[in-house]
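Q: Please take one part of this protein and look at it closely. Begin with a single residue, then work outward to whatever surrounds it.

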Amino acid sequence: QYLTPLVDGEGQVRALAEAAAGARWLVVQGPGGLGKTRLSVHAARQLLADGRIDTARFVAWAGCTDAAAAAARLRLALAPGARPPPGPEAAGDAVLGLALLALAGRRALLLLDNAEQLD
């Protein structure tokens, strides 16, 4: 939840929602502080409200510096109660399996925030 209203961004939200609805992958990029995350969250809410998607998941990768940390955050977003895999080498496969289970057969949107921090 945001504590302040979005001012004069409705057109950008609609444009982003339309682009997201018609794409399998969409990258929103630009300098920090422009409001990319906020616009993306509002676009996801718009798509949910319009019934164009039936689920949206948000993954905040701020502070993640390696694949294991990123996989843990993704796992938490996809299946909050799931137990971590037994070792770091299994993390990627386990998260991929969770993603397939959590999003299978759904019109889903997965927001990956701060991906530029990862190699």
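A: L110 is partly exposed, with a relative accessible area of 33%. The model is a predicted one. L110 sits in strand β2, which spans residues 108–113. Its value of 33% lies between the limits for buried and exposed, which are under 20% and over 50%. It also passes the threshold of over 30% that a residue must meet to join a surface patch.

Start with that patch. W25, L110 and L112 together make a nonpolar surface patch of about 340 Å². Two of these names return in the alternation of β2: L110 and L112 point to one face, along with A108, and are not buried. The other face of the strand is another matter. L109, L111 and D113 point that way, and they are buried.

Now take the partner strand. β1 covers residues 55–60. β1 and β2 run parallel to each other, paired over 6 bridges. R57 of β1 is the residue opposite L110. A56 stands opposite L109. β1 alternates too. T55, R57 and V59 share one face and are buried. A56, F58 and A60 point to the other face and are not buried. The pairing therefore puts a residue that is partly exposed, L110, opposite R57, a residue on the buried face of β1. Likewise, L109 is on the buried face of β2, while A56, opposite it, is on the face of β1 that is not buried.

Follow the buried face of β2 inward. L109 and L111 both belong to the largest nonpolar core. This core has 12 residues. Besides those two leucines, its members are V13, L16, A17, A20, L39, V41, A43, A44, L47 and I53. Helix α1 (10–21), helix α2 (36–49) and β2 each give at least two residues to it. α2 provides the largest share, 5 residues. Nonpolar side chains in soluble globular proteins tend to be buried together.

V41 is one of the core residues. Leaving aside residues up to four places away in sequence, V41 touches Y2, F58 and L111. Two of these contacts lead back to the strands: L111 lies on the buried face of β2, and F58 lies on the face of β1 that is not buried.

There is also a second core, separate from the one just described. It has 9 residues, including V59, C64, A77 and L78. V59 is on the buried face of β1.

Next, go to the end of β2. N114 is in the segment after the strand. It has a positive phi of about 70°, although it is not a glycine. N114 is partly exposed, at a relative accessible area of 21%. That is just outside the buried class, which requires under 20%. A115 belongs to the segment after β2 as well. A115 is partly exposed too, at 36%. In sequence, A115 and A70 are 45 residues apart; in space, their C-alpha atoms are 8.9 Å apart.

A positive phi also occurs ahead of α1. D8, in the segment before that helix, has a phi of about 55° and is not a glycine. D8 is exposed, with a relative accessible area of 70%.

One charged contact deserves a look. A search of the whole structure finds 1 salt bridge. It joins the side chains of R52 and E18, at 2.6 Å from N to O. The pair links distant parts of the chain, 34 residues apart: R52 is in the loop between α2 and β1, and E18 is in α1. R52 is partly exposed at 35%. E18 is also partly exposed, at 47% relative accessibility.

Step back to the whole chain. It has 4 helices and 2 strands, in the order α-α-β-α-α-β along the sequence. Of its 119 residues, 31% count as buried. Among contacts between residues at least 6 apart in sequence, 63% join residues at least 24 apart. The chain exposes about 7,900 Å², and carbon and sulfur atoms supply 57% of that area.

Note on methods: Residues are numbered from 1 along each chain as its sequence is written. This is a predicted model: local features need pLDDT of at least 70, side-chain atom pairs count only at pLDDT 80 or more; totals for chains, interfaces and linings use all residues. Side-chain values use heavy atoms; hydrogens and water are left out. Buried means under 20% relative accessible area, exposed over 50%, partly exposed in between (1.4 Å probe, protein chains only). Two strands pair if DSSP finds at least two bridges between them. A nonpolar core is a set of buried Ala, Val, Leu, Ile, Met, Phe, Trp, Tyr and Cys residues joined through side-chain atoms within 4.5 Å. Contact means heavy atoms within 4.5 Å. Patches are made of residues with over 30% relative accessible area and no salt bridge: like charges are joined within 9 Å, nonpolar side chains (Val, Leu, Ile, Met, Phe, Trp, Tyr) within 5 Å. Accessible areas come from the Shrake-Rupley method with a 1.4 Å probe; for residues, only the protein chains shown count as cover. A salt bridge is a side-chain nitrogen of Lys or Arg within 4 Å of a carboxyl oxygen of Asp or Glu.
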